[in-house]
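Welcome to a short walk through one protein model. Please keep the sequence and the 3D view at hand as you read.

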Amino acid sequence: MASGLPDAIETSESTLVAPPAHAYSPHGLHALPVELVERILICSDPRDISRYAQTCRFARSLVYDPNDQFLCRELYLSRPFDDLRQALPLPKSRLEAPRASTAASASPALTNNNASSSTSQSWLYELQRRIEAEAIATAGGRASVPALHRMFETFLAAVDTALPVREEGDGLPQNPRTPGSHSENLRWLDRVLRRTKVLNLPVPPETCTPSADTTATASVPTSTASAPASPTASCSRRELRPSKPPLQPTPSSEDTLVAETRQLRCRLRAYVALSHESSFVAESRERVAALRKASRCFVYDMRRYQPETLWGPYRVVSAPAIVSGTTAEGDGRGATVDTEGGLAVEGSADGTPSPAPRRLLVVNWEHVEHILNVVGLKLREVPQSSLGFYKKPLFMPEALRAYSAVGARESAERPVHDWAGVTGKWRRFVCFMDYRDLYMFNYSHLPPGPHHPSFFEDPFDEALRPVELHLSLIRESEYFADARYLPRAPPSCSVGDDGEDVQDKRFPTLYFEGHSRAP
């Protein structure tokens, strides 16, 4: 790692124990009590501590002993960062679920399946990766794609483990001096991103097929909400039946890494990018104008409306098939052949076809970023007085904390199993353009032709409408009762390497319905 700390935490089998006390000079540092040596090290830079750990066996054992995490924990908290023991557990994403066993051993803080045991082994790991991420961000354009991927993963993990809001209004502008009213993780992330401007650096373009939503929307809960949920964890009723996608070439591992790195960047930009732009800075105004035009071109482009992604901001990815309790991976695979279902099936060396890869529907964060840009920049133009009792959503890092939504702590109406806080009243803002303009932008044969960015130059403007949405959970049997609301070829669920369903029992799939009305 670029942090100067060793790349891995020593296991109990390879940890070196302290030699006898008489092996050291009574006048050296090690003549002091161990507790005092640790206090001295806590005041040092982690890079200096890594060099100290290389001086002798006792120093290495003191720093990397897995049975004593006091030094690593204090170093982590003194940076400062939020206490990992107070982070909320999060559901595993369906894309990461097949690699759950590997992720759990590599990053206990991210899986967070057992907070009491995982945090005891993750202090040093999280400190290492955050120091490395800051170094990569400082390097900027000189960083490689794998390094950028690790950096974005670390930044997003800092958001996931941010200190939750403890009471109504905690962490928001009206309580800036209340103890515990802010997240140290988010303050650190905001400082690094503002200083390095790494979010403005491009990532090589991906080769995946984008998807889109029919309208640009941003929702703000007003009564009942809970911890931030995985965007793929809940299902709503839908009437459109997607057809099976055509055969697509299998991307290389390098292309996949670039595509996932770009998705991570877009996700982080969707979280904080607009909060870093100011209308008082000329450079920022120019950047926002170009960004708004690009986002409008993306959101209102009808070519991005794909049935296989349920006409929403999703993308289809492939995961290895499960065969007899093992994943269908390995050597000896032949050419890709087409099947009746339109999915690729890899043939083995002896001509026996392997099962088709599983199709997973995951969030397209590039599209989500463009949606937030369209809606957020439109809201900037609208005075608060014209919205009545509707409040603008907060575009600030502190709004990323769990329970930061209005009324999130009010759980009287929310069922016990509603872990995502779906139940309740939501207020959302919908941006849309005139249907005649939508048709002209997509199908006009007049110069300069369809899908040209100049279409969105002044005096173009969208309409903005606040909509109140009431959601409630329904049973799984109710959701599947009417086939008209179901997709024809739903994405496969997550299964582990042994073929078993790996859905976290604490975070079951939620099915819901609702109704909306405009003021």
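In which loop does P80 lie? P80 sits in the loop between α4 and α5 (100-106). It is joined to R79 by a cis peptide bond, with omega at about 5 degrees. Please keep in mind throughout that this is a predicted model.

**Overall make-up**

The protein has 15 helices and eleven strands. Of its 519 residues, 45% are buried. Take the contacts between residues at least 6 apart in sequence: 80% of them join residues at least 24 apart.

**Backbone features to look at**

As a rule, most residues other than glycine have a negative phi, and most peptide bonds are trans. The cis bond before P80 has company elsewhere in the chain: the peptide bond from D458 to P459 is also cis, with omega near 15 degrees. P459 is found in the loop between α14 (435-443) and β10 (463-474).

Two residues that are not glycine have a positive phi. For W311, phi is near 60 degrees, and this residue belongs to the loop between α12 (282-299) and β3 (314-319). For Y403, phi is about 70 degrees, and its loop runs between α13 (365-381) and β9 (424-432). Are these two buried or partly exposed? W311 has a relative accessible area of 26%, so it counts as partly exposed. Y403 is at 19%, which places it under the 20% cut-off, and therefore it counts as buried.

**The largest nonpolar core**

Which residues touch the most other members of the largest nonpolar core? They are Y52, M151, F152, F155, L193 and L268, out of 48 residues in that core. Eight helices each supply at least two of its residues: α1 (34-42), α2 (46-52), α3 (57-64), α4 (70-77), α8 (123-139), α9 (145-160), α10 (184-196) and α11 (253-272). Helix α9 contributes the most, with nine residues. Apart from this core lies another one, of 17 residues, including V382, L387, Y390 and M433.

L268 is a good place to centre the view. Leaving aside residues up to four places away in sequence, L268 touches F152, F155, L156, L189, L193, L199 and A273.

**Helix α3 and its surroundings**

Why can α3 be called largely enclosed by the rest of the structure? Six of its eight residues are buried, so the rest of the structure largely encloses it. The buried residues of α3 are F58, A59, S61, L62, V63 and Y64. Among the elements that cover them are α1, α2, α4 and α8.

**How α1 meets α4**

Two packed helices are described by the angle between their axes and the distance between the axes. Here, α1 and α4 pack at an angle of about 25 degrees, with their axes 10 Å apart. Angles under 35 degrees count as roughly parallel, and therefore α1 and α4 are described that way. Their crossing is right-handed. On the α1 side, E38, R39, L41 and I42 take part, and they meet F70, L71, E74 and L75 in α4. The residues of this contact divide into five nonpolar, three charged and no polar.

**Two buried helix residues**

L148 and V288 can be followed in parallel. L148 is placed in helix α9, while V288 is placed in helix α12. L148 counts as buried, because its relative accessible area of 11% is under 20%. V288 is buried as well, at 14% relative accessibility. The table pairs each with another residue of the chain, giving the separation of their C-alpha atoms.

| Residue | Partner | Distance along the chain | C-alpha separation |
|---|---|---|---|
| L148 | V203 | 55 residues | 8.8 Å |
| V288 | E277 | eleven residues | 7.3 Å |

What do these two residues touch, not counting residues up to four places away in sequence? L148 touches I136, A143 and T261. V288 touches E277 and L377, and E277 is also its partner in the table.

Definitions and conventions: Residues are numbered from 1 along each chain as its sequence is written. This is a predicted model: local features need pLDDT of at least 70, side-chain atom pairs count only at pLDDT 80 or more; totals for chains, interfaces and linings use all residues. Side-chain values use heavy atoms; hydrogens and water are left out. A nonpolar core is a set of buried Ala, Val, Leu, Ile, Met, Phe, Trp, Tyr and Cys residues joined through side-chain atoms within 4.5 Å. Buried means under 20% relative accessible area, exposed over 50%, partly exposed in between (1.4 Å probe, protein chains only). Helices (H or I, at least four residues) and strands (E, at least two) are DSSP runs, numbered from the N terminus. Contact means heavy atoms within 4.5 Å. Axes are lines fitted to C-alpha atoms, for helices over the stretch in contact, and angles run from 0 to 180 degrees between N-to-C directions. Angles under 35 degrees count as roughly parallel, over 145 as roughly antiparallel, 65 to 115 as roughly perpendicular and the rest as oblique. A crossing is left-handed if the near helix is turned anticlockwise from the far one by less than a right angle, and right-handed if clockwise. Ala, Val, Leu, Ile, Met, Phe, Trp, Tyr, Cys and Pro count as nonpolar, Asp, Glu, Lys and Arg as charged, and the others, Gly among them, as polar.
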